[in-house]
2 protein chains.
Amino acid sequence: VSAEAEFIRRLRAIAPHPAARGLLDDAAVLTPPPGRGIVLSHDMIVEGVHYLATDPPADVAWKLLAVNLSDLAAKGAEPLGVLLGYCLAGADQDTQFIIGLAEALHAFGVPLLGGDTVSVPPGAARSLGLTAIGAAPAAGAPSRGGARAGDALWVSGTIGDAGLGLRIARGELVGPAVLLARYRCPLPRLETGRALAGTVTAMSDISDGLLIDAARMAQASGCGVSIDLDAVPLSAELEGFGSGRAERLAAACAGDDYELLFAAPAGWDEVLLRLCQPYGVMLSRIGYFSEGGGLALRDSEGAVPLPARLGYEHEGRDQG
Amino acid sequence: VSAEAEFIRRLRAIAPHPAARGLLDDAAVLTPPPGRGIVLSHDMIVEGVHYLATDPPADVAWKLLAVNLSDLAAKGAEPLGVLLGYCLAGADQDTQFIIGLAEALHAFGVPLLGGDTVSVPPGAARSLGLTAIGAAPAAGAPSRGGARAGDALWVSGTIGDAGLGLRIARGELVGPAVLLARYRCPLPRLETGRALAGTVTAMSDISDGLLIDAARMAQASGCGVSIDLDAVPLSAELEGFGSGRAERLAAACAGDDYELLFAAPAGWDEVLLRLCQPYGVMLSRIGYFSEGGGLALRDSEGAVPLPARLGYEHEGRDQG
């Protein structure tokens with residue numbers, strides 16, 4: 001039995017959903033909920049670029065799934081299933097990958113529906129792809145570009161943890177495991193995204209960094225955006241490394257947060273907090289949109305000069 | 001402007017469909033036709049494995065799209081859009097790729113809706129992925145496993161051309177350009193697949209080879225299948241290289257045909273031919289399904305021993 005046949009045999013065992021057709025057909029065939037739009041995301045992660053060759057394969061699987069589900073979360077979508085594009089690595093790594101994938105699929109309640117498995121030439125860096133399919137909210141999926149001047153800018157959870165986690169993974173820093181977990185095993189904000197979708201004026205996830213993703217939201221909305229750096233929510237673990245302007249700026253540019261960034265009319269704080277209360281996810285109001293364009297930063301000491309890089313611009317921009 | 005930003009700028013120009021949201025949002029949001037299932041295919045092609053580094057990038061784009069649409073065709077689906085997972089290669093190659101992709105999208109009438117673009121480390125295996133989304137036939141998508149004992153086995157078009165085309169591409173053979181085109185720029189049988197979907201008992205495309213794909217259909221259907229090698233349709237160009245048993249066997253194992261393979265009740269020849277007549281695609285009845293299991297081959301001289309390899313089993317099996 002080839003490594004590939006063995007891998008696919010194991011995949012079948014974790015793909016019992018009828019739409020997967022036992023991974024034996026040309027394609028998956030899914031019955032979507034009636035009257036809802038379909039939300040589609042495809043993100044790739046490349047060894048040595050988006051994850052480290054030393055990352056445990058089970059965590060790579062988790063991250064590949066989580067980053068795509070995070071895109072669905074940002075559109076308020078209910079996940080319907082995923083397709084996996086996998087490059088074989090070797091029996092041990094492949095098995096660990098499937099174990100992690102099964103765990104993540106179960107954690108997020110999403111079925112594996114299909115995909116493709118390929119062999120790559122020996123020694124070549126691998127790129128893994130995943131397509132996530134979701135059902136849009138009945139009232140439509142919020143866009144990245146719907147913020148209006150006067151809207152408040154909000155963020156879920158805490159920012160910058162994954163950036164420190166990456167430094168821990170690289171051996172540049174010693175720190176608590178929770179930070180490493182934020183980098184390796186992000187939690188897409190699916191329930192929060194669904195709860196917010198009908199109320200926000202714009203929503204995206206934070207993958208490349210709070211500042212760059214906020215600047216993109218402002219640009220797509222034809223607005224400017226101003227952020228209060230002191231209001232950016234930091235975890236106690238991150239604050240253990242300092243919470244001055246430099247640390248806050250680093251957190252706001254770090255990326256890999258997979259938190260939700262959204263705009264909502266000013267004064268709707270109560271509504272938003274009540275909507276999300278059941279899910280135990282903190283929401284923080286960190287700025288506002290204004291006429292004009294661009295990104296402005298301030299803190300209690302005044303205006304904060306923008307850093308040369310707002311986030312991971314070299315990373316593949318998600319194109320939809 | 002980075003190579004990646006430039007690539008995405010060009011992609012945007014060929015993605016005007018509203019569901020693509022300008023490739024600026026986290027995800028594509030599509031309104032599917034009401035009351036229809038969703039058909040999903042994701043196939044990858046790897047440089048040096050599924051295509052040659054010397055293949056023109058425009059043809060690689062065409063093939064990547066065509067092989068996925070071929071999976072939709074086999075389910076009788078109407079394509080709704082595609083997501084591209086692209087590894088950057090360098091400005092010239094990337095531009096040629098987009099030109100070819102635009103041409104293929106236009107040829108098949110399919111919108112680009114989203115995806116991801118990544119940079120890979122030098123020496124990495126470039127693997128390109130594409131997800132195709134289609135609307136299933138209103139009456140449901142045929143499966144690979146629905147053939148019944150007594151059904152006839154049919155195939156569209158001609159078999160083996162792409163196999164010779166590959167040998168021409170590799171410089172092993174000198175031959176007509178039409179064979180090379182069959183390898184590099186396959187034509188998914190979308191219209192024929194849609195016309196047949198309500199009538200066939202099983203359908204798949206031929207990607208790995210007629211014999212192996214027929215054996216898989218028989219196995220998935222719990223039947224045996226018997227094929228008349230003399231009935232396997234060959235093009236005049238292929239017959240120019242010979243049409244004896246050896247050449248026919250080679251054609252039936254070559255793969256990359258992207259023709260439709262399907263089962264239909266015996267005696268329905270007239271119905272099938274009339275359904276497909278508008279599309280100018282030849283249909284050939286090449287065998288029948290029987291009780292039991294396995295694949296049997298015969299020709300005018302009697303039983304034909306099965307070759308050691310029925311097709312490209314090393315290639316990534318499409319998983320759905």
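Which residue forms a salt bridge with Arg144(A)? In this predicted model, the partner is Asp26(B), with the closest N and O atoms 3.6 Å apart; a salt bridge is a side-chain nitrogen of Lys or Arg within 4 Å of a carboxyl oxygen of Asp or Glu. The pair crosses between chains, from the loop between strand 5 (127-135) and strand 6 (152-156) of chain A to the loop between helix 1 and strand 1 of chain B. Helices (H or I, at least four residues) and strands (E, at least two) are DSSP runs, numbered from the N terminus.

Conventions are as follows. Residues are numbered from 1 along each chain as its sequence is written, and chains are lettered from A in the order in which they are written. Local features need pLDDT of at least 70, side-chain atom pairs count only at pLDDT 80 or more, totals for chains, interfaces and linings use all residues, and side-chain values use heavy atoms, with hydrogens and water left out.

**Symmetry**
- A turn of 180 degrees and a shift of 0.1 Å along the axis lay chain B on chain A with an RMSD of 0.2 Å, by least-squares superposition on the C-alpha atoms of residues with pLDDT of at least 70 in both copies.
- This is the relation of a two-fold axis.
- Both copies use the same surface, as 98% of the contact residues of chain B recur in chain A.

**Interface extent**
- In contact (heavy atoms within 4.5 Å) are 65 residues of chain B and 64 residues of chain A.
- The two chains bury about 4900 Å² between them, 56% of it on carbon and sulfur atoms; buried area is the accessible area (1.4 Å probe) that two parts lose on being put together, summed over both.

**Polar and charged pairs**
- Six salt bridges are counted between chain B and chain A, whereas the whole structure has 44 over all chains.
- Asp26(A) and Arg144(B) also meet in a salt bridge, at 3.6 Å from N to O.
- Between the chains, 23 residue pairs are in polar contact, both residues being at pLDDT 80 or more; a polar contact is a pair of N or O atoms within 3.5 Å, where within protein one must be able to donate a hydrogen and the other to accept it, and residues adjacent in sequence count only if both atoms are side-chain atoms.

**Strands at the interface**
- Strand 2 (residues 38-46) of chain A runs antiparallel to strand 1 of chain B, joined by three bridges; strands pair if DSSP finds at least two bridges between them.
- In this pairing, Ile38(A) stands opposite Leu30(B).

**Sheet of chain B**
- An open sheet of seven strands has the order 7-9-6-10-8-11-12, with mixed pairing.
- Strand 7 and strand 12 (302-303) each have a single partner strand, so one side of each is left without a neighbour in the sheet.
- Two bridges join strand 11 (residues 295-299) to strand 12 in antiparallel fashion, with Arg298(B) opposite Ala303(B).
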